[in-house]
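Got your viewer open? Get ready to click along, one selection at a time.

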Amino acid sequence: MTHAFSQLAPSLDDIARQGLYRSRRIIASPQGINLEIDGRKLINFSSNDYLGLANHPDVVNAFKSGVDQYGVGSGSAHLICGHSTAHHALEEELAAFTGRDRALLFSTGYMANIGVISALLGRGDAVFEDRLNHASLLDGGLLSGARFKRYAHADPADLEANLSKAAGNKLIVTDGVFSMDGDFSPLDELAAAAKNHDAWLMVDDAHGLGVIGEHGGGILEHYGLGQDDVPVLMGTLGKGFGTFGAFVAGSEVLIETLIQKARTYMYTTALPAAVAEATRASLKIVIEENWRRDKLRTLSERFRLGAEQLGLQVMASASAIQPILIGDSQKAVDISSALLNAGFLVSAIRPPTVPQGSARLRVTFSALHEQQHVDQLLDALAKIIVGRK
């Protein structure tokens, strides 16, 4: 008798042979720069909690108060009976923070991206995506049924060449800060291209909001762009804001269209109201505490300078994401494991998350790190990588 899924086992073996097998780690501590994994204390350089808000006492207390007031589950979708006063207040505050007419909460960034693209486009339309876009953006484009075209990474000229051939509604989609490279989208040039070809522009600024810009306004603040330049802005709440969920911000007509047509909004349970209350608390910290962004820049620059002095191939990034290009997947895994043994959690990123031959160590910083942590990591990298050369 053949066991169910027995034909899948060889595929798993093949993944392991290529150095691409993925395993979960079980965390026994709150998120922060110090983690406990399998009974070991580690310094964490793998988190997207850039501003160090995931375990901030004000955020934690707001969550607890939210549970006391609203309970745990939201009970239903937003359009039935799951949309609380906490959700509504957060949407209004996010709209004000981003300088937009309205904002709409989604349960995850993945759901937001799929829902938005599918709501705006259909057969006969066209979607243009940066080659290095996040998987959720690519999946959203493919699921929309629109003509799907990827343009060369951060290449407005290649984009324009493709835009000139398109018909129907046209949507340009890009990450703001690319999550595996840490570089910025050339958003000012993309906005100009969109206007030249009567296209819409959508930006996923998951890794920029709260982190980039003097006031944390993300990639749009960096370039000085507004709602007219970038009509669709998506942001996640589980990174710079330290909580959970996502939102889309834009014009009145955009948000009303999404409420009526975005299936991932209409047909899913709303995130807990207590999470909305926690995010309202974190948003206040994001706005008021500029020192967190200043410190992130200082730490990232210190690491970058030190890594370059060691002769490491640091990728071009002005963000809290500082990848070290390794190339071979197994070698990246081996270095990550050696760092783990030395007391540092640094993830090895491999295909299909990144292109073949570009496996890397994705080093990320938090405002809770100190300069001594940066120096300790550099010392470990010197012994593990430089010492092997």
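Here is a short walk through some helices, a surface patch and a few salt bridges. Keep in mind that you're looking at a predicted model.

**Stop 1: helix H1**

Select residues 9–17, which make up helix H1, and pick out leucine 12 inside it. Leucine 12 is partly exposed, with a relative accessible area of 42%. Now add Ile15 and Tyr21 to your selection: with Leu12 they form a nonpolar patch on the surface, and together the three have about 260 Å² of accessible area.

Stay in H1 and show the side chains of arginine 17 and aspartate 14. They meet in a salt bridge, 3.7 Å from N to O. How many residues apart are these two in the helix? Three, or about one turn of H1. Arginine 17 is exposed, at 63% relative accessible area, whereas aspartate 14 is partly exposed, at 35%.

**Stop 2: bridges between distant parts of the sequence**

The pair you just saw is a salt bridge, and the structure holds 13 of them. Next, select arginine 280 and glutamate 93. This is a salt bridge too, with the closest N and O atoms 2.7 Å apart. Arginine 280 sits in helix H12 (residues 273–288) and glutamate 93 in helix H4 (residues 85–98), so the pair ties together parts that are 187 residues apart in sequence. Is arginine 280 buried or partly exposed? It is partly exposed, because its relative accessible area is 23% and buried would mean under 20%. Glutamate 93 also counts as partly exposed, at 25%.

Add Glu277 to the selection, and you'll have a network of salt bridges linking Glu93, Glu277 and Arg280.

Now jump to arginine 102 and glutamate 252, whose side chains meet in a salt bridge with 3.0 Å from N to O. Arginine 102 belongs to strand E3 (residues 102–106) and glutamate 252 to helix H10 (residues 252–261), so here the pair ties together parts 150 residues apart in sequence. Arginine 102 is partly exposed at 21% relative accessibility, and glutamate 252 is partly exposed at 42%.

**Stop 3: helix H5**

Select residues 109–120 to bring up helix H5 and its twelve residues. From first C-alpha to last, H5 reaches 17 Å, close to the 16 Å expected at 1.5 Å a residue. Is H5 mostly covered or mostly open? Mostly covered: nine of its twelve residues are buried. Among them are Gly109, Ala112, Asn113, Ile114 and Gly115. Try colouring Val116, Ile117, Ala119 and Leu120 as well, since these are buried too.

**Stop 4: helix H14**

For the last stop, select residues 329–341, the 13 residues of helix H14. At 1.5 Å a residue, H14 should span 18 Å, and its end C-alpha atoms are 19 Å apart, which agrees.

Go to the N-terminal end of H14 and find aspartate 328. Aspartate 328 caps that end, with a side-chain oxygen 3.2 Å from the backbone nitrogen of glutamine 330. Then look just after H14 for glycine 343, which takes a positive phi of about 100°.

Finally, colour the buried residues of H14: Ser329, Ala332, Ile335, Ser336, Ala338, Leu339 and Leu340. What covers them? The cover includes strands E2 (40–44), E10 (321–327), E11 (344–345), E12 (347–349) and E13 (359–364), along with helix H15 (371–384). Show those elements around H14 to end the tour.

Note on methods:
Residues numbered from 1 in each chain as written. Predicted model: local features only at pLDDT ≥ 70, side-chain atom pairs only at ≥ 80, totals over all residues. Heavy atoms only, no water. Patch = residues over 30% accessible without salt bridge, like charges linked within 9 Å, V, L, I, M, F, W, Y side chains within 5 Å. Areas by Shrake-Rupley, 256 points an atom, 1.4 Å probe, with all protein chains shown as cover. Salt bridge = Lys/Arg side-chain N within 4 Å of Asp/Glu carboxyl O. Helix = DSSP H or I, 4+ residues; strand = E, 2+ residues; numbered from the N terminus. Buried < 20%, exposed > 50% of the residue type's maximum accessible area, 1.4 Å probe, protein only. Expected span 1.5 Å × (residues − 1). Contact = heavy atoms within 4.5 Å. Polar contact = N/O pair within 3.5 Å; in protein donor to acceptor, adjacent residues only side chain to side chain.
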